[in-house]
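User: Could you take a close look at one part of this structure for me? I'd like to see how a single helix sits against its surroundings.

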Amino acid sequence: MRVITGIYKGRHFEVPRTFKARPTTDFAKENLFNVLQRYVDFDASPRALDLFAGTGSITLELLSRGCGLVVSVEKDPQHYAFIRKCLDTLQDLSAMPVKGDVFRYLERCREQFDFIFADPPYTLPNIDQIPQCVLGRGLLSPGGLFVMEHGKSNNFSSHPCFVEHRAYGSVNFSFFQETQERP
């Protein structure tokens, strides 16, 4: 796994072969971040949330691009330990790893983020509920963006906050923004 661009550009982290998580491919990740430049001002040190962080690939890319805070939520102890190891290597104080269940975290979270990314297991039984779990709790800052990675069998285009869909090989991304500001 490598960091594509930013201050950590070119850094490599060897993902253990025993991992169940699949890192977002470099091809998909590079294309995703090219699109994100239209939505997220990385020069403004945005606050980001990486749900189902897995290997931490997206977390590392967000840190490398200048996010002021990146909260990474991962439940699997092995994956969490790997993310911690990568973050310890970088010594980046903007990172905040959280070991725990994403749905519990979302229930308790009272912060807002400029960018939220979720990469749940494609076979997660309640994967279709994730956009509402994120968007229905006011976690997204006004003008913020939520992106969800998913398999080709999922279609979120009927969600009221859906903005666009991008596919890169077998990797699909759905983009969401709040339609109106919350009180």
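Analyst: Happy to! Let's start with helix 1, whose buried residues are Ala-28, Lys-29, Leu-32, Phe-33, Val-35 and Leu-36. Around the helix axis they span an arc of only 155°, which places them on the same side of helix 1. Please keep in mind that this is a predicted model.

What do these buried residues pack against? The buried residues of helix 1 meet helix 2 (57-64) as well as strand 4, strand 5, strand 6 and strand 7.

To place those strands, it helps to step back to the sheet. The sheet is open and has seven strands, in the order 3-2-1-4-5-7-6, with mixed pairing. At its edges stand strand 3 (95-99) and strand 6 (162-168); each has a single partner strand, so one side of each is left without a neighbour in the sheet. From one strand to the next, the twist averages 15°.

A general reminder may be handy here: strands of a sheet pair through backbone hydrogen bonds, in either a parallel or an antiparallel sense. Edge strand 6 pairs with strand 7 (residues 171-176) in the antiparallel sense, over six bridges. Within that region, Ala-167 has Asn-172 of strand 7 as its bridge partner. Helix 1 (residues 26-36) packs on the sheet here, touching strand 4 (113-118), strand 5 (140-150), strand 6 and strand 7. The direction of helix 1 makes about 150° with that of strand 6.

Another helix lies on strands of this sheet. Helix 3 (residues 77-90) lies across strand 2 (69-74) and strand 3, running at about 165° to strand 3.

Helix 2, one of the packing partners of the buried residues of helix 1, also leads us to a pocket. The largest pocket has a volume of about 540 Å³. It is lined by 30 residues, and the closest to its centre are Phe-52, Glu-74, Asp-119, Pro-120 and Pro-121. Helix 2, strand 2 and helix 4 (102-108) are the elements that each give two or more residues to this lining.

One last stop is helix 4, where Arg-104 lies. Is Arg-104 buried or exposed? Its relative accessible area is 53%, and the cut-off for exposed is over 50%, so Arg-104 counts as exposed. From Arg-104 to Asp-128 there are 24 residues in sequence, and their C-alpha atoms are 17 Å apart in space.

Note on methods:
Residues numbered from 1 in each chain as written. Predicted model: local features only at pLDDT ≥ 70, side-chain atom pairs only at ≥ 80, totals over all residues. Heavy atoms only, no water. Pairing = 2+ DSSP bridges. Helix = DSSP H or I, 4+ residues; strand = E, 2+ residues; numbered from the N terminus. Axes fitted to C-alpha atoms, helices over the stretch in contact; angles between N-to-C directions. Contact = heavy atoms within 4.5 Å. Buried < 20%, exposed > 50% of the residue type's maximum accessible area, 1.4 Å probe, protein only. Arc of directions from axis to C-beta. 1 Å grid on protein atoms, 1.4 Å probe; cavity = no way out; pocket = protein on both sides within 12 Å on 5 of 7 lines; lining within 4 Å. Points joined across faces, edges and corners; volume = space filled by probe spheres on them.
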